[in-house]
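I've opened a fresh notebook page for this one. Below is what I looked up, in the order I got to it.

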Amino acid sequence: MGDSDTKGASAPRRRATFTVGKSASLLPVNGKSAAACESTGTAGGSVNHGRGKRDRSLETGRTKSKSETHKRMSDTSDRISCHKTQESLLSSGSGYNNYRGILNWCVVMLVLSNARLFLENLLRYGVLVDPIQVISLFLNDPYNWPAACLVIVSIVFVVVALYTERQLSKGSFTELVGVLVHGMNMAIMLTLPAAVVLLVPSVTPVGGVFVLGTYTILSLKLYSYKDVNMWCRELSMMKVKKLSRSLSCPSTQHLNGGDPKVCYPGNLSIRDMCYFVFAPTLCYELNFPRSPHIRMSFLLRRLFEMLFFIQLLVALTQQWMIPIIQSSMKPLEDMDLSRMTETLLRLAVPNHLLWLMFFYGFFHSSMNFTAELLRFGDRQFYKDWWNSETVTYFWQNWNIPVHKWCLRHFYKPLLRRGFSKILSQSAVFFLSAFFHEYLVSVPLRMFRPWAFMGMMAQLPLAWFVSRFLHGTYGNAAVWVSIIIGQPFAILMYVHDYYVLHYRQEAD
């Protein structure tokens, strides 16, 4: 009995122990308090936490050791092998195209070489720049200004063109009468100033170029004015109420700049004609794109560039060009081939630099100045002609106003009449050659075919370059034709002019 009681008493204690194992926080376990159990559990957790830290530190150490081992292996591999398959940078297959440093080097070399030439010129000839002499280029007699008078007289031809269009819009003139009046008006515009320049001795060559250039530009403008108004009348007769923007008024009532749009014949006003005469374009529209306002900072920058390049062109011409031309007369008269080649190279470089300065000063500075002053929106006066790979691309992109006029009023009308593209392109070059000859021979009062031949020679040159030269070689051929071609023809005129007028002084 005693043994059985003892066993019976111990059994509940074991059950109590099992029970406490499930909920140690509530009951004592084997005579231990709850606090002791908690301290035991906390110590166990801290042991596990420390063990986790040690494990992570061991893993980190292993990772670092692996990376260091890999780095040592890669360094060793690099020391063993330092080559891989690749192209040289200057090879076409390398794909490398950043040659900015070489371009800067070319610019530095160009500046240094021309600085040497300029210093040599100063040491040989001294300072030849004379601002007073520039006035004599425009005026022989300070009290006789025939060139300025001719420019003022050009207003008469503008009034005649406007009056003719007004009469045509009202039906007072027939289309045939209008064509005859416009034809006579433009024929007199081209012949009258040429006759005055040839017959009046007081007109200087520079003044003659200015007058003939003004009348040529004005005649091309009035031809476009005549054509566009004729197209508007044709569309009006077909009872088309809404015409395209380039021919008549658009559907909206105001331009982007807030100016009211006009429709035919509301465009036949003095204000509209005056705006077109001074606008930097040769192609007429009833509603030109307009900029919202005048930017004074932009306007002043272009004005400063205009004044700067005018002074620079005059100074370089007096200091650089004229001495070379005077010293080159004898080799050209003696027909010494080697000396003529040397003279050509001496003349081509300064002439080309002056041509580039003229291009920037006229097509960028002066035309943007005029466009900004008149809020004329279309400022695309040139494109990237310097990247031309064909001669045709150059002539299409270096003078956009003239190209637009030829395309709109000469080339496309010939195509519509049934002429082929080759014949139409040849006719465009022939027209351009005529005006080049007109603007050079008449002011110099001597007729030489150099400008005409230079322009017509562009046709076989364009065919040759487009057929046999492509890419970089085509671009190089275009640059050579610009430097040696037509500018050299202009220099031939200058040489002949000096031979005819200053032979004794040069000798």
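**Cysteines**

My first stop was cysteine 149, which is partly exposed because its relative accessibility is 45%, between the 20% and 50% cut-offs. Cysteine 106 lands in that class too: I read a relative accessible area of 37%, so it is partly exposed. Then I looked for disulfides, bearing in mind that this is a predicted model. The count came to zero.

**The whole chain**

Next I stepped back to see the chain overall. I found 17 helices and zero strands. The chain has 507 residues, and 35% of them count as buried. I also checked how far along the sequence the contacts reach. Taking contacts with a separation of 6 or more, 72% join residues 24 or more positions apart.

**Helix 5 against helix 7**

Now for helix pairs. I reminded myself that two packed helices are described by the angle between their axes and the distance between the axes.

How do helix 5 and helix 7 lie, parallel or antiparallel? I got an angle of about 5 degrees, with the axes 10 Å apart. Anything under 35 degrees counts as roughly parallel, so helix 5 and helix 7 are roughly parallel to each other. The contact has a long list of residues: helix 5 (residues 146–170) brings in, among them, Leu150, Phe157, Val158, Leu162 and Glu165. From helix 7 I noted Phe210, Tyr215, Leu218, Leu222 and Arg233, among others. Sorted by class, this contact has 15 nonpolar, three polar and three charged residues.

**Helix 7 against helix 8**

I stayed with helix 7 (residues 205–237) and looked at its packing with helix 8 (residues 270–278). Their axes are 10 Å apart and the angle is about 135 degrees. That angle falls in none of the parallel, antiparallel or perpendicular ranges, so helix 7 is oblique to helix 8. I noted the crossing as right-handed.

Which residues of helix 7 meet helix 8? They are Leu218, Lys221, Leu222 and Tyr225, and across from them I found Asp272, Met273, Phe276 and Val277 in helix 8. By class I have six nonpolar, no polar and two charged residues here. Looking back at my list for helix 5, I see that Leu218, Leu222 and Tyr225 of helix 7 are in that contact as well.

While in this region I followed the loop between helix 7 and helix 8, where proline 265 lies. The peptide bond leading into proline 265 from tyrosine 264 is cis, and its omega is near 5 degrees.

**Helix 13 against helix 14**

Further along, I took helix 13 (residues 400–416) and helix 14 (residues 421–444). Their axes come within 9 Å and cross at roughly 140 degrees. Roughly antiparallel needs over 145 degrees, so I put helix 13 and helix 14 down as oblique. This crossing is right-handed.

On the helix 13 side, I listed Trp405, Cys406, Phe410, Tyr411, Leu414 and Leu415. They meet Lys421, Ser424, Gln425, Ala427, Val428 and Leu431 in helix 14. The class tally is nine nonpolar, two polar and one charged residues.

**Two arginines with positive phi**

I then checked the backbone angles in two loops. Arginine 375 has phi near 55 degrees, a positive value in a residue that isn't glycine. I placed arginine 375 in the loop between helix 11 (337–374) and helix 12 (391–397). Is its side buried or exposed? Its relative accessibility is 15%, under the 20% cut-off, so arginine 375 counts as buried.

Arginine 445 also has a positive phi, about 60 degrees, without being a glycine. I found arginine 445 in the loop between helix 14 and helix 15 (450–456). Its relative accessible area is 32%, so I wrote arginine 445 down as partly exposed.

**Leucine 469**

My last entry is leucine 469, in the loop between helix 16 (458–468) and helix 17 (472–506). With a relative accessible area of 23%, leucine 469 is partly exposed. Leaving out residues up to four places away in sequence, I found that leucine 469 touches Glu389, Phe464, Gly474 and Ala477. Glutamate 389 caught my eye: it is 80 residues from leucine 469 in sequence, yet their C-alpha atoms are 8.2 Å apart.

Note on methods
Residues numbered from 1 in each chain as written. Predicted model: local features only at pLDDT ≥ 70, side-chain atom pairs only at ≥ 80, totals over all residues. Heavy atoms only, no water. Disulfide = S-S within 2.5 Å. Buried < 20%, exposed > 50% of the residue type's maximum accessible area, 1.4 Å probe, protein only. Axes fitted to C-alpha atoms, helices over the stretch in contact; angles between N-to-C directions. Helix = DSSP H or I, 4+ residues; strand = E, 2+ residues; numbered from the N terminus. Parallel < 35°, antiparallel > 145°, perpendicular 65-115°, else oblique. Left-handed = near helix turned anticlockwise from the far one by under 90°. Contact = heavy atoms within 4.5 Å. Nonpolar A, V, L, I, M, F, W, Y, C, P; charged D, E, K, R; others polar.
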